[in-house]
Amino acid sequence: MGKFSKLRSAVLIGLQAREVIVESFVDKQAINHDIDIVGLGDTSIKESKKRIKSAIKSNAYPMPKGRMCINLAPGDLKKEGTALDLPMAVSLLCCSDMVESKNTENLFFFGELSLNGKIRKVRGLLPILIALSSETTASLKPTVIVPVENEEEAGLAKNLNVFLATDLREVVGFLNGADNLKRPQSTYDSLSYNKEIDFSEIRGQKQAKRAMEIAAAGGHNLLMKGPPGSGKTMLARRLPTILPPLSEEEFLETVSLYSISGNIDTGTFSMMRPFRSPHHSASRAAIIGGGPDAHPGEVSLAHNGVLFLDEFPEFSKDVIESMRQPLEDAVVNISRARLSVRYPADFTLIAAQNPCPCGNYGDPERDCTCSMRDIVRYNRKLSGPVLDRIDMIIEVPRMSYNEYKHSQNEESSQSIRERIDIAIKRQHSRFHGKAGGKNSRMSQKLISKYCVLDATSERLLEQAVSRFKLTGRGINKILRVALTISDLEGRESIETPHIAEAIQYREKSVEV
C-alpha cells in the first residue's frame with residue numbers, strides 16, 4: 001500500500017535542456033521514514049532531502065508517513081544543481097494529500113529551497129525556458145513556476161505561462177486554486193545600449209583606431225604591442241561601442257551562457273555586445289571552461305562580443321595554447337568521464353602586451369632595463385601557432401604631448417559604427433549564412449571564390465610571403481583582412497592598397 005505522484009522539471013547538459021520526470025512513491029507500511037533519491041543525482045541533489053524535509057516541516061505541512069523514494073527519470077542522465085528541490089518537495093506534498101496530483105499536470109517546477117521554505121534563485125534557467133517555449137504548440141502553453149529572483153530571465157521567455165514564487169507556501173496555495181503568484185514583466189522593455197564610453201574620448205592613435213575598425217567590421221583577432229599607458233586598454237574597452245547591437249537571437253544565446261555560469265546581475269541586461277577582461281592569473285578552467293560541473297569559461301561568456309586579454313604573455317602557457325581551438329573553431333568542447341558538452345565561443349580576441357618586461361623597449365624617450373635575453377624570452381611566450389591565429393598585429397606607441405594637444409573633435413563611436421554596419425551587411429549578403437557571416441570565418445573554398453587578386457596584388461602578396469616566411473594560414477589571414485578593408489571602402493573586389501594594408505598588419509607577427 002502506498003502513494004504515488006509524478007510531475008515535471010528539466011536540467012541542462014551544456015546548453016541543451018533535458019526534461020526530467022520527478023516521481024515520488026511512499027511506502028506507508030515501512031517503519032523507516034527516510035527519503036531515498038535515485039536517478040544519478042550529484043552531491044547537491046543528494047543533500048536536497050535535508051532541505052526538503054526542513055522546508056516542509058517549517059511551513060507546518062505533514063511529511064508523508066512511510067519510506068519515501070524519489071526517482072529522477074531518465075535514470076541514466078546525470079543531474080546537477082539545486083533546481084530540482086522545489087519539484088521534489090511538491091511531489092512529496094502530493095503524496096501527503098496537501099496538493100492534488102491532477103493540479104500539477106503540464107506544470108514545470110524550478111527552484112532551490114532554503115530551510116524555511118523560501119525559494120532561491122537557480123542557475124541556467126533561461127536556456128531551459130527557451131527550450132520549453134520552442135516546443136510550445138498553439139493549443140498548449142506549459143505553465144512554469146520559477147523563483148522570483150529569476151524574474152529578469154523569466155521576462156525573456158515567450159509562449160509560456162510563467163509564474164514567480166517566493167516560498168513553498170505560495171506554491172501550495174497556487175496549486176490549490178489561489179491566484180497568488182505574479183507574472184514576470186517583459187525584460188525586453190528595459191533593454192538598453194550603453195553609451196557611457198565612446199571612441200571620441202581616445203585622442204590620437206589613428207593607426208590603432210583604423211585597426212580596431214577593421215577588426216570590428218570583419219571579426220578579426222588583434223594584438224596590440226605598446227608601452228604602459230599608450231591607450232591599449234582604452235581602445236579595447238571601446239570596441240563594443242562600434243559593434244552593432246546584439247540581435248534578439250544573439251542576445252538570448254549570450255544571456256543563456258551567463259545564466260548557466262551564474263553571472264547574471266539584476267539590471268545589467270543590455271543589447272551591447274559583451275566585453276570580458278579576465279586577469280592574467282586566471283586558470284585554464286576559468287578561461288576555457290570546465291571544472292566539476294563543466295561550466296562555460298571566459299571565451300564562452302565573450303560569445304558574440306569581445307575577449308580582452310591584457311598582458312597576454314603573462315597568462316600561463318597552458319592557457320595561451322588552449323586558446324587555439326576557440327580561435328579556430330569558435331566552439332569549446334569540454335569532456336568529462338560521464339559528460340561531454342559544447343559551448344559556443346565566437347568572439348573577437350583583442351590582446352595587448354608590452355614590448356618587453358619593463359615596457360620601454362623601442363621607446364625613444366625612455367631607457368629599457370631588460371636584457372636582450374629577457375626581451376626574447378618574453379616575446380617567445382606567444383608561440384607561432386597562437387600568433388598564426390591572430391589576424392592583425394599593430395604597434396601602439398606612446399603619444400606625445402603635441403599629438404595629445406592637437407587631437408580634438410575625434411570621430412564618435414556612432415559614426416564609426418555606421419561604416420561597420422554597412423561592411424557587415426555586405427558580408428551577410430555575400431555569405432548567406434555561411435562562415436558565420438564574417439570575413440574572419442571564411443573557409444578555403446570561400447577565400448578562393450571571393451578573394452580574387454589582380455596581377456599587381458598577386459605579386460605584392462608573393463613578395464610578402466617570401467620575405468616574412470608566411471604560412472598558408474598567414475596568407476589566408478591577409479586575404480581575409482584585405483576583403484574586410486575592401487568592404488569598408490565599398491569596393492566590389494580586393495585592390496592593391498587593400499593587400500598592402502593587410503600585409504602591414506601581418507608583418508610584425510613574424511618579428512622576434
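Biologist: Leaving aside neighbours within four places in sequence, which residues is Asp363 in contact with?
Modeller: Good place to start, and keep in mind that this is a predicted model. Asp363 is found in the loop between strand E17 (348-353) and helix H13 (372-379). Once its neighbours within four places in sequence are set aside, the residues in contact with Asp363 are Pro227 and Arg398.

Biologist: Is Asp363 buried or exposed?
Modeller: Let's reason from the cut-off: buried means under 20% relative accessible area. Asp363 has a relative accessible area of 14%, so the residue counts as buried.

Biologist: Which residue has a side chain joined to that of Asp363 by a polar contact of 2.7 Å?
Modeller: Take care to separate backbone from side chain here. A polar atom of the Asp363 side chain lies 2.9 Å from the backbone nitrogen of Glu365. The polar contact of 2.7 Å, in contrast, is between side chains, and the partner of Asp363 in it is Arg398.

Biologist: Where does His220 lie, and why does it count as buried?
Modeller: His220 lies in the loop between helix H6 (206-218) and strand E10 (222-225). As for burial, the residue counts as buried because its relative accessibility is 0%.

Biologist: Which residue shares a polar contact between side chains with His220?
Modeller: His220 touches several residues beyond four places away in sequence, including Thr348, Asn439, Arg480 and Asp391. Touching does not by itself name the polar partner, so we apply the cut-off for a polar contact, N or O atoms within 3.5 Å. The side chains of His220 and its partner are joined at 2.7 Å, and that partner is Asp391.

Biologist: H6 comes before the His220 loop. At roughly what angle do the axes of H6 and helix H16 cross?
Modeller: H16 covers residues 413-431, and its axis comes within 8 Å of that of H6. H6 passes H16 in a right-handed crossing. The angle between the axes is roughly 35°.

Biologist: How many nonpolar residues are in the contact of H6 with H16?
Modeller: From H6, the residues are Glu213, Ala216, Ala217 and Gly218. They meet Ile416, Arg419, Ile420, Ala423, Ile424 and Gln427 in H16. By class, two residues in this contact are polar, two are charged, and the nonpolar ones number six.

Biologist: What is the phi of Leu40, and what is the phi of Ala60?
Modeller: Leu40 is found in the loop between strand E3 (35-38) and helix H1 (43-58), and counts as partly exposed at 30% relative accessibility. Ala60 lies in the loop between H1 and E4, and is exposed with a relative accessible area of 66%. Neither residue is a glycine, yet phi is positive: near 65° for Leu40 and about 65° for Ala60.

Biologist: Which residues are joined by a cis peptide bond with omega of about 5°?
Modeller: Look in the loop between strand E4 (67-73) and helix H2 (85-95), where Pro74 lies. The cis peptide bond there joins Ala73 and Pro74.

Biologist: How many disulfides does the count come to?
Modeller: A disulfide is a covalent bond between the sulfur atoms of two cysteines. The sulfur of Cys69 is 11 Å from the closest cysteine sulfur, in Cys95, so that pair is too far for a bond. Cys370 has its closest cysteine sulfur in Cys358 at 3.6 Å, which is also too far because the cut-off is 2.5 Å. The count of disulfides comes to zero.

Terms used. Residues numbered from 1 in each chain as written. Predicted model: local features only at pLDDT ≥ 70, side-chain atom pairs only at ≥ 80, totals over all residues. Heavy atoms only, no water. Helix = DSSP H or I, 4+ residues; strand = E, 2+ residues; numbered from the N terminus. Buried < 20%, exposed > 50% of the residue type's maximum accessible area, 1.4 Å probe, protein only. Polar contact = N/O pair within 3.5 Å; in protein donor to acceptor, adjacent residues only side chain to side chain. Contact = heavy atoms within 4.5 Å. Axes fitted to C-alpha atoms, helices over the stretch in contact; angles between N-to-C directions. Left-handed = near helix turned anticlockwise from the far one by under 90°. Nonpolar A, V, L, I, M, F, W, Y, C, P; charged D, E, K, R; others polar.
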